[in-house]
Amino acid sequence: MIMINPHTQDLRSQSIHFLEQSPVQRLQILQELGIGRFKFLSKIRLNDENIDCVMRFLQNPGQMKFPNLSGANLSELNLDEVSLIRGNLSEANLQGSSLLNADLIFVNFTKADLRKADLRGATLNGTVWLDTLVDECQLGIGNGLTQQQRKDLQLRGAKFNYLVDDN
């Protein structure tokens, strides 16, 4: 069993150690820390951006109500049906990721990279899109965006799918 002590001085080493584990081992650690609902952390790659991200989660897991993923590299991941309500995804790299049917209510996407990401079916009420890269980002029609947001995102290259795809 791998234990992580959030009170140890070298939180960076612990975060690297966490990211070196298999997805199954990571999920077990997250469950032991009481943050198993953030199972997407079992899928992220070991790199500097994600070390910083994991450090925020391990530093005080008992206080992790809303996920802080600012600057994280979540590119090319399957994050379908993830719940990141009130999450901070500012400057996060979500390029090419799948977030089908995700709960992204009140998420901050400021300066995030969502190029070629798939957010069809995602709930996007109250989201912030300031300077977000959205070229070829797939969005659905009934996803909680305001008319102004929809128009702005479309002008910046986002694609809206008006037909439901059951595949």
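Student: Let's start with a charged pair in this predicted model. How far apart are the closest N and O atoms in the salt bridge that R115 forms with D113?
Tutor: A salt bridge here needs a side-chain nitrogen of Lys or Arg within 4 Å of a carboxyl oxygen of Asp or Glu. R115 and D113 form one. The closest N and O atoms of R115 and D113 are apart by 2.5 Å.

Student: Okay, and is D113 buried or exposed?
Tutor: The cut-off to remember is that buried means under 20% relative accessible area. Its partner R115 has 33%, so R115 counts as partly exposed. D113 has 11% relative accessibility, so D113 counts as buried.

Student: How many salt bridges does the count come to?
Tutor: The R115 and D113 pair is a salt bridge, and so is the pair of D48 and R12. By the 4 Å rule, the count comes to 5.

Student: Tell me about D48 and R12, then. How many residues apart in sequence are the parts that this pair ties together?
Tutor: The side chains of D48 and R12 meet in a salt bridge at 3.1 Å, N to O. D48 lies in helix 3 and R12 in helix 1, so the pair ties together parts of the chain. Their separation in sequence, in residues, is 36.

Student: Which residues are linked in a network of salt bridges?
Tutor: R12 also meets D52 in a salt bridge, at 3.7 Å from N to O. That pair links distant parts of the chain too, with D52 in helix 3 and R12 in helix 1, 40 residues apart. R12 is partly exposed at 34%, and D52 is partly exposed at 37%. The network is made of R12, D48 and D52.

Student: Helix 3 keeps coming up. How far does helix 3 reach from its first C-alpha to its last?
Tutor: Helix 3 covers residues 48-59, which is 12 residues. At 1.5 Å a residue, the expected span is 16 Å, and the helix comes close to that. From first C-alpha to last, helix 3 reaches 16 Å.

Student: Within what arc do the buried residues of helix 3 fall, seen down its axis?
Tutor: The buried residues are N50, I51, C53, V54, F57 and L58. They line one face of the helix, because of the arc they fall within. Residues three or four places apart in an α-helix point the same way, because there are 3.6 residues a turn. For helix 3, the arc is 165°.

Student: What does the cover over those buried residues include?
Tutor: The residues in question include I51 and V54. What covers the buried residues of helix 3 includes helix 1.

Student: Which element gives the most to the largest nonpolar core?
Tutor: That core has 45 residues, and the ones with the most contacts inside it are L104, F109 and L119. The elements giving two or more residues to it are helix 1, helix 2 and helix 3. The biggest share, 5 residues, comes from helix 3.

Student: Which tryptophan does F109 touch?
Tutor: We leave out residues up to four places away in sequence. The rest of the residues that F109 touches include L104, L119 and L124. On that list, the tryptophan is W129.

Student: How many disulfides does a search of the whole structure find?
Tutor: A disulfide needs two cysteine sulfur atoms within 2.5 Å. For C53, the nearest cysteine sulfur is that of C137, and it is 20 Å away. C137 is in no disulfide either. The search finds 0.

Student: Is C137 buried or exposed?
Tutor: C53 has 1% relative accessibility, so C53 counts as buried. C137 has a relative accessible area of 0%, so C137 is buried.

Student: Where is L77 placed, and what separates the C-alpha atoms of L77 and L46?
Tutor: L77 sits in the loop between helix 3 and strand 1. L77 is buried, at 9% relative accessible area, and the residues it touches include K43 and S97. L77 and L46 are 31 residues apart along the chain, and their C-alpha atoms are separated by 13 Å.

Student: And which residues is G121 in contact with, leaving aside neighbours within four places in sequence?
Tutor: G121 lies in the loop between helix 3 and strand 1, and at 44% relative accessibility it counts as partly exposed. G121 and D80 are 41 residues apart in sequence, with 9.7 Å between their C-alpha atoms. The contacts of G121 are N101 and A102.

Key: Residues numbered from 1 in each chain as written. Predicted model: local features only at pLDDT ≥ 70, side-chain atom pairs only at ≥ 80, totals over all residues. Heavy atoms only, no water. Buried < 20%, exposed > 50% of the residue type's maximum accessible area, 1.4 Å probe, protein only. Helix = DSSP H or I, 4+ residues; strand = E, 2+ residues; numbered from the N terminus. Expected span 1.5 Å × (residues − 1). Arc of directions from axis to C-beta. Contact = heavy atoms within 4.5 Å. Core = buried A, V, L, I, M, F, W, Y, C linked by side-chain atoms within 4.5 Å.
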